[in-house]
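With the model open in your viewer, please follow the stops below in order, selecting the named residues as you reach them.

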Amino acid sequence: MDQLVWLSFCISLGLLLLELPSFTAGLPFEDGNNNNVKITRRSLELTQTINIQRQEYLQRQCELLGEHTQTLADLSELQMDHMIVDREHKLLYCYVPKVACTNWKRVLMMLTDKWHNGTDPLQIPGSLAHSVGMFTKLYDLTEAEQQQVLSEEYTRFILVRHPFERLLSAYRNKLEGDSPSARYFQSRVGRQIVKELRPGASNESLEHGDDVSFGEFVKYLVTPELSRANQSDYNEHWEVIAKLCNPCVMKYNVVGKYDTLLDDSALALFLSKANNLTFPTGHKPSSTRANLRTYFDPLPIGAIRQLYEIYEEDFRLFDYALDDVLGFEFG
């Protein structure tokens with residue numbers, strides 16, 4: 001990372017910390033939004049130290065992958081579609097499905113004064129937070145405004161998650177579940193998987209698509225003529241994060257991870273001077289990480305290798321490893 005940029009960012013954080021009387025964040029994994037846990041000056045400093053390390057690692061990987069020469073002009077409107085901009089607070093947030101994006105969109109609705117029925121973000125319907133046209137996107141800005149977003153004035157925030165953990169979360173939520181959203185995916189993706197990949201499927205499975213196994217889902221993903229038919233991209237819920245958020249172009253200065261969600265969200269809000277707003281959880285801890293081996297162990301090594309190749313860019317850019325969840329690496 002450019003040393004002047006690093007120094008400027010650290011000085012900015014230091015000046016903000018001097019103004020810090022108290023800062024709170026939602027208590028992890030409780031029902032409802034709890035505002036009683038203080039985020040101290042020390043915790044913000046520690047989070048920022050880790051954040052700087054993540055930024056430096058990300059930049060090195062961009063250079064190794066040869067992606068560090070790309071510019072904003074290289075991005076299409078579609079490539080900016082996940083980049084939400086709050087000009088008042090000088091914040092850009094690139095949302096990644098299955099990485100707390102619903103709650104972050106709720107927070108942004110509060111931050112941009114788009115919700116007036118209370119002060120608890122969890123009261124905002126998820127469908128409203130995801131509705132089309134709710135937020136200003138990067139492509140809505142003029143070229144000069146877009147360049148300002150890339151300046152030191154802006155907090156550019158991304159939240160990432162282990163690629164296989166995120167993938168399993170998407171499968172469990174969209175193909176195993178029984179929510180309206182799951183039924184939507186089952187009726188479209190699930191039925192397609194059953195029809196194309198399950199010889200001798202029952203009429204009930206062909207009709208509902210609600211019993212797709214994880215192995216079938218993985219086979220679907222590694223068969224591009226099925227999973228990417230009529231388009232060049234995957235569905236956003238299992239698309240490569242690097243394709244959704246283009247980190248080598250955007251140079252995010254808050255690189256959050258799902259494992260440190262509350263600390264990283266607190267830092268992003270603090271840097272945006274949103275001191276009176278907290279990040280909600282309102283749910284129990286995700287059980288996806290604990291179940292990874294249950295779902296992945298039965299898969300053939302060849303399928304895991306193909307899956308790794310699809311998400312290799314995310315593994316490399318964000319410092320994830322197979323050993324984190326599967327207990328081995330490929331040579």
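In which loop does Asp-113 lie? Select Asp-113 in this predicted model, and you will find the residue in the loop between α3 (101–111) and α4 (126–129). Asp-113 counts as exposed, because its relative accessibility is 52% and the cut-off for exposed is over 50%. Its backbone also deserves attention, since phi of Asp-113 is near 60 degrees, a positive value in a residue other than glycine. Most residues other than glycine have a negative phi.

Select Lys-90 next, in the loop between β3 (83–86) and β4 (91–94), where phi is again positive, near 50 degrees. Lys-90 counts as partly exposed, at 29% relative accessibility.

Now show the whole chain, which has 16 helices and 6 strands. Of its 331 residues, 49% count as buried, and among contacts between residues at least 6 apart in sequence, 70% join residues at least 24 apart.

The next stops are salt bridges, of which the structure holds 11. Begin with Glu-45 and Arg-42, whose closest N and O atoms are 4.0 Å apart. These two residues are 3 residues apart in helix α2 (residues 41–64), and so are separated by about one helical turn. Glu-45 is partly exposed, with a relative accessible area of 31%, while Arg-42 is exposed at 53%.

Then select Glu-165 and Arg-161: are the partners of this salt bridge buried or exposed? Glu-165 counts as buried at 4% relative accessibility, and Arg-161 is likewise buried, with a relative accessible area of 2%. Their side chains meet at 3.3 Å, taken from N to O.

For another salt bridge, select Asp-211 and Arg-198, which meet at 3.1 Å, N to O. This pair links distant parts of the chain, with Asp-211 in the loop between α8 (203–208) and α9 (214–221) and Arg-198 in the loop between α7 (180–197) and α8, 13 residues apart. Asp-211 is partly exposed, with a relative accessible area of 36%. To see a network, add Asp-259 and Arg-289 to Arg-161 and Glu-165, since salt bridges that share partners join these four residues into one network.

Finish at the surface by selecting Asp-319, Asp-323, Asp-324 and Glu-329, which gather in a patch of negative charge. Asp-319 is found in the loop between α15 (301–317) and α16 (323–326), and counts as partly exposed at 45% relative accessibility.

How values were computed: Residues are numbered from 1 along each chain as its sequence is written. This is a predicted model: local features need pLDDT of at least 70, side-chain atom pairs count only at pLDDT 80 or more; totals for chains, interfaces and linings use all residues. Side-chain values use heavy atoms; hydrogens and water are left out. Helices (H or I, at least four residues) and strands (E, at least two) are DSSP runs, numbered from the N terminus. Buried means under 20% relative accessible area, exposed over 50%, partly exposed in between (1.4 Å probe, protein chains only). Contact means heavy atoms within 4.5 Å. Patches are made of residues with over 30% relative accessible area and no salt bridge: like charges are joined within 9 Å, nonpolar side chains (Val, Leu, Ile, Met, Phe, Trp, Tyr) within 5 Å. Accessible areas come from the Shrake-Rupley method with a 1.4 Å probe; for residues, only the protein chains shown count as cover. Lys and Arg count as positive and Asp and Glu as negative; His and the chain ends are not counted. The place of a charge is taken as NZ of Lys, CZ of Arg, CG of Asp or CD of Glu.
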